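Work through the exercises below with the model open beside you. Try each task before reading its solution.

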Amino acid sequence: MSGMSDGFTAEPLCAEKIGEAMKNSIRISLFDELDSTNSEARRQAERGMSVPALIIADSQSAGRGRLGRSFYSPPGTGLYMSFLAEAKESFCETVALTTASAVAVAQTIEKLCRVTPEIKWVNDVYVGGKKACGILCESFGTSDGKRFALVGIGINLYTETFPSELDGIAVSVFPERGLRNAFASNIADRLVEYWNEPSRGELMEYYRAHSLVIGKRISFTENGVTASAVAREIDALGCLIVTLDDGSTKRLSGGEISVRLENTKEN
Ligand code: BTN
């Protein structure tokens, strides 16, 4: 991490720059401000706009997180983007898509910030024990009967001040100046590649090697009920296998489940 000083303005986002730096082609729409890039992606799908598409905003007024939470998305300091593609049976299971997205983000952070990120099952990317990125995967249908997969990614790049409820929880990754567009193109290229050819073996190897939870005591909340367990492994689809306190084994598959490392704050 390069560290930041006063008066810093992040590189302005530029659709041409992002597209030119990508190996794969994708339609890019860029906005100064949106309610939520995921909501805009849904609107674009409903209007029949072409996919795959990348929808990016400099800020979001109603950024959405998992489990009905909001995602803090101030202007000029982060990267808020959604990858939209037509769903395909083999790869649209939400957990599988989420793990691929977490790997794409973690690999980009590793490459551009030269730090080793960790992935907190199922969809958060951590740096130095704090959350740097959240991912919200959704699948939905449009009125013409098409099905879509949607990955929303929010990364704190240069945000220095967070709302008090994120104190001790959120962190920024501080890439070198001038890398905001490179962050977008790097992640998007990886997403397109994993989408077109999900080589799950390598992807899951990376995911497991960077897991923040394997071997740790966690608590998880499912349908409003919280239980304590030890995280054992992550299976080929990205499900988390845990041992409960009564010795039984359970397979957690994302969705409405939230996992907390014991003795830590969570968001
Ligand atoms: C989480 O941490 O619970 C997931 C946060 C996902 C935030 C991103 S920002 C871009 C996209 N648009 C949204 O409204 N949410 C996702």
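## Exercise 1: the seven-stranded sheet

Seven strands make up an open sheet in the order 1-2-3-7-6-5-4, and the pairing is mixed. This is a predicted model, in which local features need pLDDT of at least 70, side-chain atom pairs count only at pLDDT 80 or more, and totals for chains, interfaces and linings use all residues. Residues are numbered from 1 along each chain as its sequence is written, and side-chain values use heavy atoms, with hydrogens and water left out.

**Task.** Find which strands stand at the edges of this sheet, then examine how strand 6 joins strand 7.

**Solution.**
- Step 1. Fix the terms. Helices (H or I, at least four residues) and strands (E, at least two) are DSSP runs, numbered from the N terminus. Two strands pair if DSSP finds at least two bridges between them.
- Step 2. Go to the edges. Strand 1 (27-34) and strand 4 each have a single partner strand, so one side of each lacks a neighbour in the sheet.
- Step 3. Take the twist. From one strand to the next it averages 20 degrees. Axes here are lines fitted to C-alpha atoms (for helices over the stretch in contact), and angles run from 0 to 180 degrees between N-to-C directions.
- Step 4. Look at strand 6 and strand 7. They run antiparallel and are joined by nine bridges. Phe140 has Phe148 in strand 7 as its bridge partner.

## Exercise 2: the ligand site

**Task.** Which residues are closest to the ligand, and which strand gives the most to the shell around it?

**Solution.**
- Step 1. Count the surroundings. The ligand is surrounded by 19 residues (each with a heavy atom within 4 Å). Ser36, Gln60, Arg64, Arg66 and Lys131 are the closest.
- Step 2. Assign the shell to elements. At least two residues each come from helix 2 (37-46), strand 3 (78-86), strand 6 (130-141) and strand 7 (147-156). Strand 6 gives the most, with four residues.
- Step 3. List polar contacts, meaning pairs of N or O atoms within 3.5 Å. An N or O atom in the side chain of Gln60 is 2.9 Å from a nitrogen atom of the ligand. Arg64 places a polar backbone atom 2.7 Å from a ligand oxygen atom. For Lys131, a polar side-chain atom lies 2.5 Å from an oxygen atom of the ligand.
- Step 4. Check the cover. On its own the ligand has 410 Å² of accessible area, and the protein covers 98% of that. The areas come from the Shrake-Rupley method with a 1.4 Å probe.
- Step 5. Name the space. The ligand takes up the largest cavity. A cavity is a set of points, on a 1 Å grid over the protein atoms alone, where a 1.4 Å probe fits but cannot get out. A molecule sits in one if more than half of its atoms lie within 2 Å of its grid points.

## Exercise 3: the five-stranded sheet

**Task.** Trace the order of the five-stranded sheet and inspect its hairpins.

**Solution.**
- Step 1. Read the order. The open sheet runs 11-10-9-8-12 with antiparallel pairing. Its edge strands, strand 11 (249-252) and strand 12 (258-261), each pair on one side only. Neighbouring strands are turned by 45 degrees against each other on average, direction ignored.
- Step 2. Start at strand 8 (residues 217-222). Six bridges join it to strand 9. Ser219 stands opposite Ser228 in strand 9. Two residues separate the strands of this hairpin, where Asn223 has a positive phi near 50 degrees.
- Step 3. Move to strand 9 (residues 225-234) and strand 10 (residues 240-244). They pair over five bridges. Val230 has Thr243 as its bridge partner, and Ile234 has Leu240. The hairpin has five residues between the strands, and Gly238 takes a positive phi near 100 degrees.
- Step 4. Finish with strand 10 and strand 11, paired over four bridges. Thr243 has Thr249 in strand 11 as its bridge partner. Four residues lie between these strands, and Gly247 takes a positive phi near 90 degrees.

## Exercise 4: backbone exceptions

**Task.** Where do Pro52, Val122 and Leu67 lie?

**Solution.**
- Step 1. Recall the background. Most residues other than glycine have a negative phi, and most peptide bonds are trans.
- Step 2. Locate the cis bonds. The Val51 to Pro52 bond is cis, with omega near 5 degrees. Pro52 is in the loop between helix 2 and strand 2 (53-60). The Trp121 to Val122 bond is also cis, with omega near 5 degrees. Val122 sits in the loop between strand 4 (118-120) and strand 5 (124-127).
- Step 3. Locate the positive phi. Leu67 has phi near 55 degrees and belongs to the loop between strand 2 and strand 3.

Key:
Polar contact = N/O pair within 3.5 Å; in protein donor to acceptor, adjacent residues only side chain to side chain. 1 Å grid on protein atoms, 1.4 Å probe; cavity = no way out; pocket = protein on both sides within 12 Å on 5 of 7 lines; lining within 4 Å.
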